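The following note sets out points for a colleague's reading of the model below. It proceeds from the overall fold to particular residues.

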Amino acid sequence: MQVGVTLKDDAGNIYWSPSSLIFRPLGSFMAAAGSSGSVVNARFLEGEPIALPILTFGGTTSMWAFSIGPTYPEISFSGNTLNWSRAAPPLGNTAPNCTVYYGIL
C-alpha cells in the first residue's frame with residue numbers, strides 16, 4: 001500500500017504523488033569557458049545526481065553563440081564527484097556565462 005500525499009488538479013489529473021521525483025539542490029558553480037574542474041559532495045550518493053547548466057546571454061555576446069552554438073560544459077558523475085570541462089570559444093569570440101546547478105533526484 002502506497003502512503004503519502006497525492007495532489008490533483010480540478011480535472012483529476014495527478015501532478016504530484018509519492019512516486020514523483022523532486023530536484024534537491026546541493027549547490028552551484030560558474031563554469032568558465034576554456035576550463036575544467038570537479039565538485040566532491042558526499043550527498044551525490046544519496047540519490048541520482050543531476051546537473052543543470054544555464055547559459056546567460058546578458059550584456060554583449062558575439063554572434064558566435066548563435067551561429068556556431070554555445071559551449072555547454074561536459075558533465076559526468078563518478079561516485080561522489082561531479083567532473084566538468086567546457087571548451088573555449090573560437091578565437092575573437094566571447095562565450096556566454098554558464099552557471100551549473102547540481103543536486104540529486
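1. Helices and strands are taken here as DSSP runs, with at least four residues for a helix (H or I) and at least two for a strand (E), numbered from the N terminus. The model is predicted. On that basis, the protein has one helix and eight strands. Their succession along the sequence reads β-β-β-β-β-α-β-β-β.

2. Of the 105 residues in the protein, 24% are buried. The exposed surface of the protein comes to about 6800 Å², and 55% of it is supplied by carbon and sulfur atoms. When contacts between residues at least 6 apart in sequence are considered, 70% join residues at least 24 apart.

3. Three strands form an open sheet in the order β3-β8-β5, and the pairing is antiparallel. Because β3 (24-30) and β5 are at the edges and have a single partner strand each, one side of each is left without a neighbour in the sheet. On average, and with direction ignored, neighbouring strands of this sheet are turned by 20° against each other.

4. Within that sheet, eight bridges join β5 to strand β8 (residues 97-104) in the antiparallel sense. Opposite Ala 51 stands Tyr 102 in β8. Tyr 102 also belongs to a cluster that ring pairs form with Phe 29, Phe 44, Phe 77 and Trp 84.

5. The aromatic pairs number four. For Phe 44 and Phe 77, the ring centres are 5.3 Å apart and the planes stand at 75°; planes over 60 degrees apart count as edge-to-face, so this pair is edge-to-face. Phe 44 is in the loop between β4 (35-40) and β5 (49-56), whereas Phe 77 is in strand β6 (residues 74-78), so the pair ties together parts that are 33 residues apart in sequence.

6. Which of the classes buried, partly exposed and exposed applies to Phe 44, and why? Phe 44 is buried, because its relative accessible area is 1% and the cut-off for buried is under 20%. Phe 77 has a relative accessible area of 28% and is therefore partly exposed.

7. Where does Gly 4 lie? Gly 4 is found in the segment before β1 (7-8). Its relative accessibility is 54%, so Gly 4 counts as exposed, the cut-off for exposed being over 50%. Between Gly 4 and Pro 18 the C-alpha to C-alpha distance is 5.5 Å, with the two residues 14 apart in sequence.

Note on methods: Residues numbered from 1 in each chain as written. Predicted model: local features only at pLDDT ≥ 70, side-chain atom pairs only at ≥ 80, totals over all residues. Heavy atoms only, no water. Buried < 20%, exposed > 50% of the residue type's maximum accessible area, 1.4 Å probe, protein only. Contact = heavy atoms within 4.5 Å. Areas by Shrake-Rupley, 256 points an atom, 1.4 Å probe, with all protein chains shown as cover. Phe/Tyr/Trp six-rings, centres within 6.5 Å; stacked < 30°, edge-to-face > 60°. Pairing = 2+ DSSP bridges. Axes fitted to C-alpha atoms, helices over the stretch in contact; angles between N-to-C directions.
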